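Please open your viewer and keep the sequence panel beside it, because each stop on this tour begins with something to select.

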Amino acid sequence: MRIGVIGYGYWGPNIVRNFHSQDNCQVTLVADHNPKCEERLKKVFPSVGFTTEENQILNSKDIDAVAVVTPVWTHYELAKRALENGKHVFVEKPFTYSVAQGEELIELADRKNLKIMVDHTFLFTGAVRKIRELVDNGSLGDLYYYDSLRVNLGLLQHDINVIWDLAPHDLSIMDYIIQDNPEAIVATGEKHLNGHEDVAFITLYFPRKIIAHVNVNWLSPVKVRTTLIGGEKKMLVWNDLDTDEKIKVYDKGVAITNRENLHQLLVSYRSGDMWAPQVPQVEALKAELSYFFECITQDSTPLNDGPAGLRVVKMLEAAAQSISKRSEAVLLNGNGRPKQTGWHWHEQRILEHCG
Ligand SMILES: NC(=O)c1ccc[n+]([C@@H]2O[C@H](COP(=O)([O-])OP(=O)(O)OC[C@H]3O[C@@H](n4cnc5c(N)ncnc54)[C@H](O)[C@@H]3O)[C@@H](O)[C@H]2O)c1
């Protein structure tokens, strides 16, 4: 498979390196508007062609698939032109800048019988695969919550806020692990420096009383990548910065044994063993790009296809809508599309909890 990569800034070199390492793929051309990228590319991959003109990739008859590794506001236009020219598309997260753009690309790819894969890199990590296994085999029991802290100092983006930059990781992981669409989203955030929210908090309400929270922050003095997932049977802590014991599963829980009289609740706390399961050490991007090749050659649907990318964009759009309305709850219908906003949804949930 002959690949053209558009965008050779921060993330592009990782895409080129990992495509290059695949037996069946060849990166034939890299395009970036910035001519300085050529020197960086040639130092590592002298045989790969470079151009400042993305049309040379989009119009080329010798390229089968295009990787779009440019800022989010360019994804739609570049992916659309690649699909129109009969090329499969690997596009960075977040898939598009709006739900409408994502829907259009999915329809176009279907019509042309082409694949779209959205770079939800974390879904290919050993840690996320292990967590999904623990959910699927019932080890955690019914899920209660997903709580993620993804904070660091910078890198401030000029075109998007911290939610669009960092939260796609958590939202795609949630989508994969919870395997359901949120019913409502509440978000809040504040702009301190460059006109975009640099600190933000998102709360997502899923069916089955699963609640999720994501804290994303560009102004944190330390880098933290920690997620807690609580279930009825077990709870886990995933520290992605821990090289040896990324996931720790705790046999801890709380059980209410008497519900008849609110004042006579029998609460029992379970505090058993902790274990750290073996997490396969794989380079996620390498596994993901190998899967891209496999999906194209075997004509199978990627788990991180256009609709998966769109579900994340729907959550991002809903979060943006909630922030713009000073943290009103944005309701989503069954397929995750924002429906309406309103405090009454909060009130209803509060009443449910009290009742
Ligand atoms: N999956 C991940 O973990 C991950 C990590 C980082 C970034 N990303 C994503 O990768 C994308 C790029 O991010 P980045 O940090 O590399 O950005 P960046 O600004 O460092 O690089 C983008 C590059 O694209 C080039 N460019 C822009 N428009 C172009 C066009 N039309 N034609 C050719 N070149 C063009 C720019 O000159 C720049 O060199 C974003 O969508 C980002 O969300 C994903």
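The tour goes through two helix pairs, some charged pairs and one loop residue, in a model that is predicted.

**First stop: helices H4 and H5**

Begin by selecting residues 72-84, which form helix H4, and residues 99-112, which form helix H5. Their axes lie 10 Å apart and meet at an angle of about 10 degrees; angles under 35 degrees count as roughly parallel, and H4 and H5 are therefore roughly parallel to each other. To see the contact itself, show the side chains of Tyr76, Ala79, Lys80, Leu83 and Glu84 on H4, and then those of Gln101, Glu104, Leu105, Leu108, Ala109 and Lys112 on H5. If you colour this contact of H4 with H5 by class, you should find six nonpolar residues, one polar residue and four charged ones.

**Second stop: a charged pair between these helices**

Side chains of opposite charge can pair when their charged atoms come close. Stay with the two helices and select Glu104 and Lys80, whose side chains form a salt bridge with an N to O distance of 3.4 Å. This pair joins distant parts of the chain, since Glu104 belongs to H5 and Lys80 to H4, with their positions 24 residues apart in the numbering. Are these two residues buried, exposed or partly exposed? Glu104 is partly exposed, at a relative accessible area of 34%, and Lys80 is also partly exposed, at 21%.

**Third stop: more salt bridges**

How many salt bridges does a search of the whole structure find? The search gives 14, and two further examples are worth selecting here. Pick Arg270 and Asp251, where the side chains meet in a salt bridge at 3.0 Å, N to O. Here the link runs between strands, with Arg270 in strand S14 (residues 267-275) and Asp251 in strand S13 (residues 247-256), 19 residues apart. Arg270 counts as partly exposed at 34% relative accessibility, and Asp251 is partly exposed with a relative accessible area of 23%. Next select Asp240 and Lys246, which form a salt bridge through their side chains at 3.7 Å, N to O. Lys246 has a relative accessibility of 17% and counts as buried, because buried means under 20%.

**Fourth stop: helices H7 and H9**

Now select residues 162-178 for helix H7 and residues 306-324 for helix H9, whose axes come within 9 Å and cross at roughly 130 degrees. That angle makes H7 oblique to H9, and the crossing in which H7 passes H9 is right-handed. On the H7 side, show Ile163, Trp164, Ala167, Pro168, Leu171, Ser172 and Asp175; these meet Arg311, Val312, Val313, Met315, Leu316, Glu317, Ala319, Ala320 and Ile323 of H9. The residues in this contact of H7 with H9 divide into 12 nonpolar, one polar and three charged.

**Last stop: Asn161**

Finally, select Asn161, which is placed in the loop between strand S7 (143-153) and H7. Is this residue buried or exposed? Asn161 counts as buried, at 10% relative accessibility. Leaving aside residues up to four places away in sequence, Asn161 touches His196, Glu197 and Trp218, so these are the side chains to display around Asn161. To end the tour, draw a distance between the C-alpha atoms of Asn161 and Ala318, which are 157 residues apart along the chain and separated by 14 Å.

Note on methods: Residues numbered from 1 in each chain as written. Predicted model: local features only at pLDDT ≥ 70, side-chain atom pairs only at ≥ 80, totals over all residues. Heavy atoms only, no water. Axes fitted to C-alpha atoms, helices over the stretch in contact; angles between N-to-C directions. Helix = DSSP H or I, 4+ residues; strand = E, 2+ residues; numbered from the N terminus. Parallel < 35°, antiparallel > 145°, perpendicular 65-115°, else oblique. Left-handed = near helix turned anticlockwise from the far one by under 90°. Contact = heavy atoms within 4.5 Å. Nonpolar A, V, L, I, M, F, W, Y, C, P; charged D, E, K, R; others polar. Salt bridge = Lys/Arg side-chain N within 4 Å of Asp/Glu carboxyl O. Buried < 20%, exposed > 50% of the residue type's maximum accessible area, 1.4 Å probe, protein only.
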